[in-house]
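Open the model in a viewer and keep the sequence panel beside it. The stops below go from a single element to the whole chain and then to individual residues.

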Amino acid sequence: MAYENIIVETREKVGFIQLNRPQALNALNSALLAELSAALEDFEKDNRIGAVVITGSEKAFAAGADIKEMQTLEFADAYLSDYFSEWERVTRLRKPLIAAVAGYALGGGCELAMMCDFIIAADTAKFGQPEITLGVMPGMGGSQRLTRFVGKSKAMDLCLTGRMMDAVEAERSGLVARVVPAGELIEEALKAAKKIASFSLPVVMMTKETINRAYETTLSEGLRFERRVFHSMFALEDQKEGMAAFAEKRTPHFKNR
Ligand code: CO8
């Protein structure tokens, strides 16, 4: 597929996607969503890929859903087409997905970053849910995911005032995993993704699935799920290889089996 709104590359075992609508600060429109879904689908199917990084530009990860596309939307069309539900495709990716965020991550841009497994932010990053200033509210998970990340008080503050928070505040409040100098953002995100991709893919995927369970279930059910998945890992050749390599003081060679 030829892409017009994103740039898609492979860096060793890492899939790399750059949002590419600079004229609109990477505003998220339907065409971009279709391309992003297709690229994620391809990386999911590609056995050589062990992790994916998604990024934007230096100025904007994404400045939100495309306001100009939404401007004339009517309720019936939004409801009947379940507008924005397609974005859930991002959360269905079974391989790890890292958001590398520089500049604005606003509205849908912040929500897209939160759909990823973790966020590495440049020190220039600015996060916010300014939908209230447009006469709407977050519609791609912001009221739910942001609240789980930063707690009720700060989620209310951000969604009700529409203010932005910088990278330091975002890290302090648990939205962001790490903050790095802007010039090192891509390098750091790729380094993390390559590290992840060097491990056993089924183990990586099961770890992601199990952590995500923590958001969907009770502690006792989550712990039971974790233990069952942990037990199942002893059926993998990679468990034998990983532990043998440790005992023999050598680097493991995982076969994703
Ligand atoms: N949508 C469309 N175009 C945009 C967007 C956007 N979200 N953001 C910026 N652009 C465009 C601008 O219109 C401008 O285009 P042009 O040059 O043709 O006028 C270009 O990008 C550059 O933007 P600015 O000139 O405004 O750049 P500045 O550096 O002056 O300002 C800002 C940068 C502060 C990021 C500013 O662009 C801004 O405030 N953008 C909008 C941010 C925003 O409100 N985002 C939330 C959007 S709504 C959303 O994401 C979810 C809605 C959920 C609804 C659910 C319904 C079911």
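**Stop 1: helix 5**

Select helix 5 and list its buried residues: Gly108, Gly109, Cys110, Glu111, Leu112, Ala113, Met114 and Met115. The model on screen is a predicted one. Helix 5 covers residues 108-115, and because 8 of its 8 residues are buried, the helix is largely enclosed by the rest of the structure. Glu111 is among these buried residues, as is Cys110.

**Stop 2: the whole chain**

Now clear the selection and show the protein chain as a cartoon. Its secondary structure amounts to 12 helices and 10 strands. Along the principal axes, the C-alpha atoms fill a box of roughly 60 × 45 × 40 Å. How does the radius of gyration compare with that of a compact globule? For 257 residues such a globule would have a value near 18 Å, and the protein chain has 19 Å, which agrees.

Switch to a surface. The protein chain exposes about 13,900 Å², and 56% of this area is supplied by carbon and sulfur atoms. Of the 257 residues, 44% are buried. For contacts with a separation of 6 or more, 67% are accounted for by residues 24 or more positions apart.

Colour the charged side chains next. There are 32 positive and 35 negative charges, and their mean positions lie 7 Å apart.

**Stop 3: the two domains**

Colour residues 6-197 as domain 1 and residues 201-248 as domain 2. How many residues does each domain bring to the contact? Domain 1 gives 11 residues and domain 2 gives 6 residues. The centres of the two domains, taken over C-alpha atoms, are separated by 27 Å.

**Stop 4: helix 10**

Select residues 201-213, which form helix 10, and pick out threonine 207 in it. Threonine 207 is partly exposed, with 38% relative accessibility. For a distance check, draw a line from its C-alpha to that of leucine 40: the two are 167 residues apart in sequence and 19 Å apart in space.

Move on to lysine 208, also in helix 10. Is lysine 208 buried or exposed? Lysine 208 counts as buried, because its relative accessibility is 13% and the cut-off for buried is under 20%. Show what surrounds this residue: with neighbours within four places in sequence left aside, lysine 208 is in contact with Leu93, Arg94, Lys95, Pro96, Leu97 and Asp117. The last of these, aspartate 117, is 91 residues away from lysine 208 in sequence, with 7.9 Å between the C-alpha atoms.

**Stop 5: arginine 48**

Go to the loop between helix 1 (30-45) and strand 3 (51-55), where arginine 48 is found. Arginine 48 counts as exposed, at 62% relative accessibility. Add alanine 197 to the selection: it is 149 residues from arginine 48 along the chain, and 9.1 Å separates their C-alpha atoms.

**Stop 6: strand 2**

Select strand 2, residues 14-19, and centre on glutamine 18. Which residues does glutamine 18 contact, leaving aside its neighbours within four places in sequence? The contacts are Asn5, Ile6, Ile7, Thr55, Gly56 and Ser57. Glutamine 18 is partly exposed, with a relative accessible area of 25%. Alanine 34 lies 16 residues from glutamine 18 along the chain, and their C-alpha atoms are 14 Å apart.

**Stop 7: two positive phi angles**

Finish with the backbone. Most residues other than glycine have a negative phi. Select phenylalanine 84, where phi is positive, near 85°. Phenylalanine 84 sits in the loop between helix 3 (75-80) and helix 4 (88-91).

Then select asparagine 256, which is not a glycine but has a positive phi of about 60°. Where is asparagine 256 placed? Asparagine 256 belongs to the segment after helix 12 (237-247). Its relative accessible area is 34%, so asparagine 256 is partly exposed.

Technical notes:
Residues are numbered from 1 along each chain as its sequence is written. This is a predicted model: local features need pLDDT of at least 70, side-chain atom pairs count only at pLDDT 80 or more; totals for chains, interfaces and linings use all residues. Side-chain values use heavy atoms; hydrogens and water are left out. Helices (H or I, at least four residues) and strands (E, at least two) are DSSP runs, numbered from the N terminus. The radius of gyration is taken over C-alpha atoms; the globule rule is 2.2 Å times the number of residues to the power 0.38. Buried means under 20% relative accessible area, exposed over 50%, partly exposed in between (1.4 Å probe, protein chains only). Contact means heavy atoms within 4.5 Å. Accessible areas come from the Shrake-Rupley method with a 1.4 Å probe; for residues, only the protein chains shown count as cover. Lys and Arg count as positive and Asp and Glu as negative; His and the chain ends are not counted. The place of a charge is taken as NZ of Lys, CZ of Arg, CG of Asp or CD of Glu. Domain bounds come from an automatic or database domain assignment.
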